[in-house]
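I'm new to this one, so I'm keeping notes as I look things up. First the structure itself, then my entries.

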Amino acid sequence: MRFKILSFLLFFLVVEVFSQVKPGKINFIEYDLPNGLHVILHEDHSTPIVAVDIWYHVGSKNEDPERTGFAHLFEHMMFQGSANVRKAEHMAYIQKAGGIFNGSTNWDRTNYFQVVPSNQLELVLWLESDRMMSLNVNQENLDNQREVVKEERRWRVDNRPYGTQWEETFKRLFKVHPYRWPVIGYMEHLNAAKLEEVKKFFETYYVPNNAVLVIAGDIDVEKTKNLVQKYFGDIPRGKYEIKRPNVVEPPLTQQVRDTIYDNVRLSAVFIAFRIPKDGERDFYALDLLANVLGSGRSSRLYQKLVYEKRIAQNVNVYAIGMEDAGVFKIDAYCSIGHKPEEVEREIWNEIEKIQKELISERELQKVKNQTEAQTISSYQTVLSKADQLAHYYVIHKNTDEINRELDKILSITREEIRDSAVKYLKPENSVVLYYFPKEQKTSK
């Protein structure tokens, strides 16, 4: 008991310290090259390193419904060599320079980043420009990376306990919008992908007029501008139209429920709601509410389901912000001997309380403190600042939101949280999935 109390007090002490250190303004300059490449520069001389983070405004939602997984496939293909860089040599260059690198893909964008000593900036710009202009999209690389991605799907989705729950949830939440298929794609589409289709995808989306290049860290701005012009200025604009999904997902009008038998040991219940997109005020209110309900052991649902009633082993709640929509998701894993129905009933009871009674001022301040602390922490590295600058440009369409969003979140009221729960966290706007061990199906 004493350990818990001390931990609780320590948490609030840390958060209080953070809350007294307001994040300073993130200064940056941004401009466009004639070929359409958007450039954002942030100067920070606190450490002699630089982050180069390039975002391509292409994710799984830009794919053909019969050829899913291409955006994620290119997360791998982009390391397979270009006109002046041999296969896997990109990684070797960065490692020899003492740097780190990686890439990621989601529904809305793909990014590639490197963090290196600042005297290696020119190396990174050369590498990134070379693969933007001349990636080796050939049959050998396609066949090789197709197998890598298929194995990744087996590992992350098909053979992992509850690994399909994201896929199963999203295809029920979205019936029209391309968020309905998984970012990693379907196995049959990866198998069917033809080289000319993959080349067309690259030539359409991995072009300067569909990219933002963020350089943050120990830089001289004018010298960096000259380097950007040197390596990216002569890359031609893409020759194909960049298509953006413009479909409007109709509202859910009744609850969707389903049961899935999987390679799991514990039953689970997953509840998801469609909510507004990232950047909307209702999204911010629901994001705070997610923390009230299920962020950490002091949250309402964790206290109720895990500690008090002991009917769940774990519960998490989070709001997922995307460019065109948002998702509010509750994941609860049942304790041995307890059923998803029990857990679900308690979840709805807690949602109903939120809808009828304002959360306490203490709860609101706690989750706002958490948000402020996380925001300040996220600006402690040049890579995280680079990533946030790209995010606000691509997803929010306004880079300066990096300096505005926290104030918007901190201005959310208890009434707004209640009203957003009433508006969006209702049964007819939900998908409810029960997961059971496979052997329970065969024993029936």
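**Entry 1: an annotated span.** How far apart do the end C-alpha atoms of residues 195–370 lie, and how much of the span is helix and strand? I'm working from a predicted model, and there the two end atoms lie 47 Å apart. Helix takes up 41% of the span and strand 23%. I picked residues 195–370 since UniProt, in an unreviewed entry, places the feature "domain: Peptidase M16 C-terminal" there.

**Entry 2: the largest pocket.** Next I went looking for open spaces. The largest pocket comes out at about 760 Å³, and 28 residues line it. Nearest its centre I found Asp278, Gln388, His391, Tyr392 and Glu405. Which elements supply at least two residues each to this lining? I noted helix 10 (281–294), strand 9 (312–321), helix 13 (361–378), helix 14 (382–394) and helix 15 (405–410). I also checked the domains: domain 1 (29–233) and domain 2 (256–437) each give at least three residues to the lining of this pocket. Sorted by class, the lining has twelve nonpolar, ten polar and six charged residues.

**Entry 3: the second largest pocket.** This one holds about 580 Å³ of space. I counted 21 lining residues, with Val157, Trp166, Pro182, Val183 and Ile184 nearest the centre. Helix 2 (70–77), helix 5 (139–158) and helix 6 (165–173) each put in at least two residues. Which helix gives the most to this lining? My note says helix 6, with four residues. The class split for the second largest pocket is ten nonpolar, five polar and six charged.

**Entry 4: a closed space.** I searched the whole structure for cavities of 30 Å³ or more and got one. The largest cavity has about 30 Å³ of space. Its lining is Met78, Gly81, Ser82, Val85, Arg86, His90, Arg131 and Leu135. By class, I get three nonpolar, three polar and two charged residues around this cavity.

**Entry 5: checking a helix.** Why should helix 12 (residues 340–356) span 24 Å? It has 17 residues, and at 1.5 Å a residue, counting one less than the number of residues, the expected span is therefore 24 Å. The end C-alpha atoms of helix 12 are 24 Å apart, so the model agrees. I then asked which residues of helix 12 are buried. My list reads Pro340, Val343, Glu344, Glu346, Ile347, Trp348, Glu350, Ile351 and Ile354. I've marked Glu344, Glu346 and Glu350 among them, as they count as charged.

How values were computed: Residues are numbered from 1 along each chain as its sequence is written. This is a predicted model: local features need pLDDT of at least 70, side-chain atom pairs count only at pLDDT 80 or more; totals for chains, interfaces and linings use all residues. Side-chain values use heavy atoms; hydrogens and water are left out. UniProt positions are given in the numbering used here, feature names are shortened, and annotations may be inferred rather than shown by experiment. On a 1 Å grid over the protein atoms alone, a cavity is a set of points where a 1.4 Å probe fits but cannot get out, and a pocket is an open set with protein on both sides within 12 Å along at least five of seven lines; lining residues have an atom within 4 Å of a point. Grid points are joined across faces, edges and corners, and a volume is the space filled by probe spheres set on the points. Domain bounds come from an automatic or database domain assignment. Buried means under 20% relative accessible area, exposed over 50%, partly exposed in between (1.4 Å probe, protein chains only).
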